[in-house]
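Me: I am new to this structure and would like a careful close look at a single helix and what surrounds it. Please take your time, and explain each term when it comes up.

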Amino acid sequence: MNDYPTGIGTSDLHTIQVLGHELPELMRDVGFAELAYWLATKRRPTPGQLRVFEAVLVSLADHGFTPTAIAARLTLYSAPDALQGAIAAGLLGGGSRFLGVTEDTGRYLHDVLAELGDTDAYTEDDWNEAARSALASARAARRIVPGLGHPNHKEGDPRTPVIFAIAEEEGVLGPHLKLFAALGRVAPEVLGRALPLNGAGVAGAALADAGLPLPMLRGFALLARTAGLIGQLAEELENPIAPAVYEEVDRHARYTPPEN
């Protein structure tokens, strides 16, 4: 007989256990964000880690009429009987331009840090030098550094300083955030233009410093955006914009048949 081990949860006729605890006990004592952290890491977060995690979730929940929100609203218009399809449509758009930047930034910073070795004694000058080297290498390779720049917040993403401040207040401002901050400081010098640190990028750095696994960082961005999509869809039911979006595109479509 095959064995299928799990440490997440189990149930029988009378009980449900999650992470080794009775579920009714967790329902009384554990918040949703703490449970999400615990499920992903198999350990409870410290108060500081939890506060940073919750701040990141709030920061990524919604950002207006992004492609993810528009896709969800249009899908709901097309299939109003399948709310799950509309939410899924929005989540499927979490890639290298929206939401996926959180994971991409965390992985990029982790890779740079792996080459640096022990950074415990690093001063700000040391971080700046490490950032200069990383940016110069990326520029030579014509590689985009994730987390730098934003299509709207060209003079600074308002989420970024808040997450830095909370991480510092809670004592969880670690090497990922320190390196990320240094990238922002030296970017104008190395790249020749100012590129603000965006909120998705700082979220990835903060989650990595908070001890969350790198392969799951995009999952947490999607978890946060699920709440935003539910809000978008609730509003769509009350004040729909999807019909107008569809009609606008349909009326202004220009058909150009292929020559061959």
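What does E247 count as, and at what relative accessibility?

Reply: E247 counts as partly exposed, because its relative accessibility is 33%, where buried stands for under 20% relative accessible area, exposed for over 50%, and partly exposed for what lies in between, calculated with a 1.4 Å probe and protein chains only. Before going further, please note that this is a predicted model, in which local features need pLDDT of at least 70 and side-chain atom pairs count only at pLDDT 80 or more, whereas totals for chains, interfaces and linings use all residues. Residues are numbered from 1 along each chain as its sequence is written, and side-chain values use heavy atoms, with hydrogens and water left out.

E247 shares helix α12 with R251, 4 residues away, about one turn of the helix; helices (H or I, at least four residues) and strands (E, at least two) are DSSP runs, numbered from the N terminus. The side chains of these two residues, E247 and R251, meet in a salt bridge with an N to O distance of 3.4 Å, a salt bridge being a side-chain nitrogen of Lys or Arg within 4 Å of a carboxyl oxygen of Asp or Glu. R251 is exposed, as its relative accessible area is 64%.

The helix α12 covers residues 242-251 and also holds Y246, which is partly exposed at a relative accessible area of 46%. Together with L74 and Y77, Y246 makes a nonpolar surface patch of about 290 Å². Such patches are made of residues with over 30% relative accessible area and no salt bridge, like charges being joined within 9 Å and nonpolar side chains (Val, Leu, Ile, Met, Phe, Trp, Tyr) within 5 Å, and the accessible areas come from the Shrake-Rupley method with a 1.4 Å probe, only the protein chains shown counting as cover for residues.

To set the pair in α12 in context, a search of the whole structure finds 12 salt bridges. One of them joins D104 to R218, with the closest N and O atoms 3.4 Å apart; because D104 lies in helix α6 (residues 101-116) and R218 in helix α11 (residues 217-238), the pair ties together parts that are 114 residues apart in sequence. D104 counts as partly exposed at 25% relative accessibility, and R218 is partly exposed as well, with a relative accessible area of 25%.

Another salt bridge links R159 and D157, the closest N and O atoms being 2.8 Å apart. Here R159 counts as buried at 16% relative accessibility, and D157 counts as buried at 4%. R159 has its place in helix α8, which takes in residues 159-169, and a polar atom of its side chain lies 3.2 Å from the backbone oxygen of S59. If neighbours within four places in sequence are left aside, R159 is in contact (heavy atoms within 4.5 Å) with residues including S59, L60 and H63.

Technical notes:
Polar contact = N/O pair within 3.5 Å; in protein donor to acceptor, adjacent residues only side chain to side chain.
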